[in-house]
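User: I am new to this structure and would like to get to know it. Could you walk me through it with a few questions and answers?

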Amino acid sequence: MKFQLFTQVALKEDMPALRLKEGSIGTIVESYPVTNGRENGYSVEGLILQDTVEVSESQIEAIVISLPQTQIN
């Protein structure tokens with residue numbers, strides 16, 4: 001499994017059938033590991049209101065959030 005549950009991800013490509021654009025952001029809520037040479041699959045929440053979208057591993061990328069450094073005086 002490349003992505004862990006609750007990882008925030010962005011779409012790497014448009015999904016016209018669902019009217020989703022590259023860069024749309026969601027959270028992984030389920031994973032479907034595959035061992036027969038096919039890609040792992042994931043359910044992503046937040047791309048469509050009150051629904052999940054099934055995507056393959058190559059369709060998403062993790063979002064890296066960097067928090068600002070705080071200065072200690």
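Analyst: Happy to! One definition to begin with: a polar contact is a pair of N or O atoms within 3.5 Å, where, within protein, one must be able to donate a hydrogen and the other to accept it. Please keep in mind that this is a predicted model.

User: Thanks! Which residue's backbone nitrogen does the side chain of Gln-59 reach?

Analyst: Start with the place of Gln-59, which is the loop between strand 4 and strand 5. Its side chain has a polar contact of 3.1 Å with the side chain of Glu-13. At 2.8 Å, the Gln-59 side chain also reaches a backbone nitrogen, that of Ser-56.

User: Is Gln-59 buried or exposed?

Analyst: Leaving out residues up to four places away in sequence, Gln-59 touches Ala-10, Leu-11, Lys-12, Glu-13 and Met-15. Buried means under 20% relative accessible area. Gln-59 has 15% relative accessibility, so this residue counts as buried.

User: Which strand gives the most to the largest nonpolar core?

Analyst: That core has 12 residues, among them Phe-3, Met-15, Ile-28, Tyr-42 and Val-53. At least two of the core residues come from each of strand 1, strand 3 and strand 4. The top contribution, 3 residues, is that of strand 3.

User: Met-15 is in that core. Which residues does Met-15 touch, not counting those up to four places away in sequence?

Analyst: Contact here means heavy atoms within 4.5 Å. One of the residues touched is Gln-59, which we met in the loop between strand 4 and strand 5. The full list for Met-15 is Leu-20, Val-53, Glu-54, Val-55 and Gln-59.

User: How many aromatic pairs are there, and why is the pair of Phe-3 and Tyr-42 called edge-to-face?

Analyst: The count comes to 1 aromatic pair. The ring centres of Phe-3 and Tyr-42 are 5.6 Å apart, and planes over 60 degrees apart count as edge-to-face. With their planes at 80°, the two rings are therefore edge-to-face.

User: How many residues apart are Phe-3 and Tyr-42?

Analyst: Both Phe-3 and Tyr-42 are buried. Phe-3 sits in the segment before strand 1 (8-11), while Tyr-42 belongs to strand 3 (residues 41-48). The pair links distant parts of the chain, 39 residues apart.

User: What is the relative accessibility of Ile-28?

Analyst: Ile-28 lies in strand 2 (residues 25-32). Setting aside neighbours within four places in sequence, its contacts include Phe-3, Phe-6, Val-9, Tyr-42, Val-44 and Ile-60. Ile-28 counts as buried because its relative accessibility is 0%.

User: Which side chain of opposite charge is nearest to Glu-57?

Analyst: Glu-57 is in the loop between strand 4 (51-56) and strand 5 (60-62). This residue is buried yet has no salt bridge. A salt bridge would need a side-chain nitrogen of Lys or Arg within 4 Å of a carboxyl oxygen. At 5.1 Å, the nearest side chain of opposite charge is that of Lys-2.

User: And Glu-45: what does it count as, at 44% relative accessibility?

Analyst: Glu-45 is placed in strand 3. Apart from neighbours within four places in sequence, Glu-45 is in contact with Gly-26, Thr-27, Val-29, Asp-51 and Thr-52. Buried residues are under 20% and exposed ones over 50%. With 44% relative accessibility, Glu-45 therefore counts as partly exposed.

Definitions and conventions. Residues are numbered from 1 along each chain as its sequence is written. This is a predicted model: local features need pLDDT of at least 70, side-chain atom pairs count only at pLDDT 80 or more; totals for chains, interfaces and linings use all residues. Side-chain values use heavy atoms; hydrogens and water are left out. Rings of Phe, Tyr and Trp (its six-membered ring) pair if their centres lie within 6.5 Å; planes under 30 degrees apart count as stacked, over 60 as edge-to-face and the rest as tilted. Helices (H or I, at least four residues) and strands (E, at least two) are DSSP runs, numbered from the N terminus. Buried means under 20% relative accessible area, exposed over 50%, partly exposed in between (1.4 Å probe, protein chains only). Lys and Arg count as positive and Asp and Glu as negative; His and the chain ends are not counted. A nonpolar core is a set of buried Ala, Val, Leu, Ile, Met, Phe, Trp, Tyr and Cys residues joined through side-chain atoms within 4.5 Å.
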